[in-house]
Amino acid sequence: MDSATSDRAALQATADNGLKIVVVGGFGVGKTTMVRSVSEIRPLNTEETMTRAGEAVDDLDGVHSKTSTTVAFDFGRITLDERSVLYLFGAPGQERFWFLWDRLFSGTLGAVVLVDTRRLADSWYAIDRLEHHGTPFIVACNDFGGSFHTEQQIREALDLSPDVPLVECDARDRSSSKYVLITLVEHLYALSVARSKGADAALAGSPAPAATMTPEPTT
Ligand SMILES: Nc1nc2c(ncn2[C@@H]2O[C@H](COP(=O)(O)OP(=O)(O)OP(=O)(O)O)[C@@H](O)[C@H]2O)c(=O)[nH]1
Ligand SMILES: [Mg+2]
């Protein structure tokens with residue numbers, strides 16, 4: 001069986017419970033690298049070579065060695081258990097492709113905002129869009145060896161609420177990328193537990209439903 005056939009077989013084998021996760025962030029922060037490092041199938045990438053013609057349009061500050069860029073999205077997959085799989089989508093980072101993000105976020109359970117701490121402002125738009133959609137997210141700082149920032153400095157620069165998890169990672173490293181995804185899944189689980197507790201409390205505090213009330217005596 002060639003690898004494309006085995007990839008298709010793997011995709012068909014389990015899809016009972018498909019959870020869509022998006023990796024988003026500014027240009028060249030390592031989104032494609034993360035999807036590649038962690039996917040258990042050969043990932044789908046839509047990389048195109050960057051040309052000199054694009055230099056005037058692309059903001060290459062801090063990513064001069066980059067030779068290709070995502071023009072649609074990356075796609076990978078990770079099995080969680082016999083019935084559940086994570087479908088991983090890597091967003092394109094260049095500003096001219098940001099119009100694709102809103103579509104990509106549709107049906108998304110949660111997101112990883114990948115950040116290069118040398119260019120923190122490049123992450124603002126991703127966080128803004130996720131908040132706009134109400135999509136839960138965590139922030140992962142990809143290690144490009146920039147100057148040291150405390151967690152507090154990063155939280156302030158990104159205006160992050162204290163309940164959004166913030167982790168460090170190396171997107172090239174499979175176990176580090178896995179840890180990022182586990183943090184996101186745990187965050188989503190905690191949010192869902194908090195939501196169902198809130199719903200239970202609201203039900204407990206509400207008046208008894210009409211069907212259980214003593215019927216009015218009939219004359
Ligand atoms: N030093 C370092 N380099 C990294 C890391 N992750 C990715 N890179 C490198 O950074 C470059 C950009 O990575 P990509 O994965 O293409 O970035 P991207 O966010 O998908 O880029 P766009 O799709 O063009 O926005 C590549 O040359 C990677 O090898 C990291 O953790 N540390
Ligand atoms: Mg990419």
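Which residues does Ala140 touch, not counting residues up to four places away in sequence? They are Val112, Leu114, Val115, Val167, Cys169 and Val180, where a contact requires C-beta atoms, placed from the backbone, within 7 Å. Before going further, note that this is a predicted model: local features need pLDDT of at least 70, side-chain atom pairs count only at pLDDT 80 or more, and totals for chains, interfaces and linings use all residues. Residues are numbered from 1 along each chain as its sequence is written, while chains are lettered from A and ligands numbered from 1 in the order in which they are written.

Ala140 also belongs to the largest nonpolar core, which has 34 residues. Such a core is a set of buried Ala, Val, Leu, Ile, Met, Phe, Trp, Tyr and Cys residues joined through C-beta atoms within 7 Å; buried means 20 or more other C-beta atoms within 10 Å of a residue's own. Val22, Val23, Ala111, Val112, Val113 and Leu114 join Ala140 as the residues with the most contacts inside this core. Among the elements giving it two or more residues are strands E1 (17–25), E6 (110–116) and E7 (137–142), and helix H6 (174–205); helices and strands are DSSP runs (H or I, at least four residues; E, at least two), numbered from the N terminus.

Helix H2 contributes to this core as well, and it leads us to ligand 1, where H2 gives the largest share of the shell, three residues. Of the 19 residues around ligand 1 (C-beta atom within 6 Å, placed from the backbone), Gly30, Thr32, Thr33, Thr70 and Gly93 come nearest.

Technical notes
A residue is buried if 20 or more other C-beta atoms lie within 10 Å of its own, exposed if 12 or fewer, and partly exposed in between; C-beta atoms are placed from the backbone. Two residues are in contact if their C-beta atoms, placed from the backbone, lie within 7 Å.
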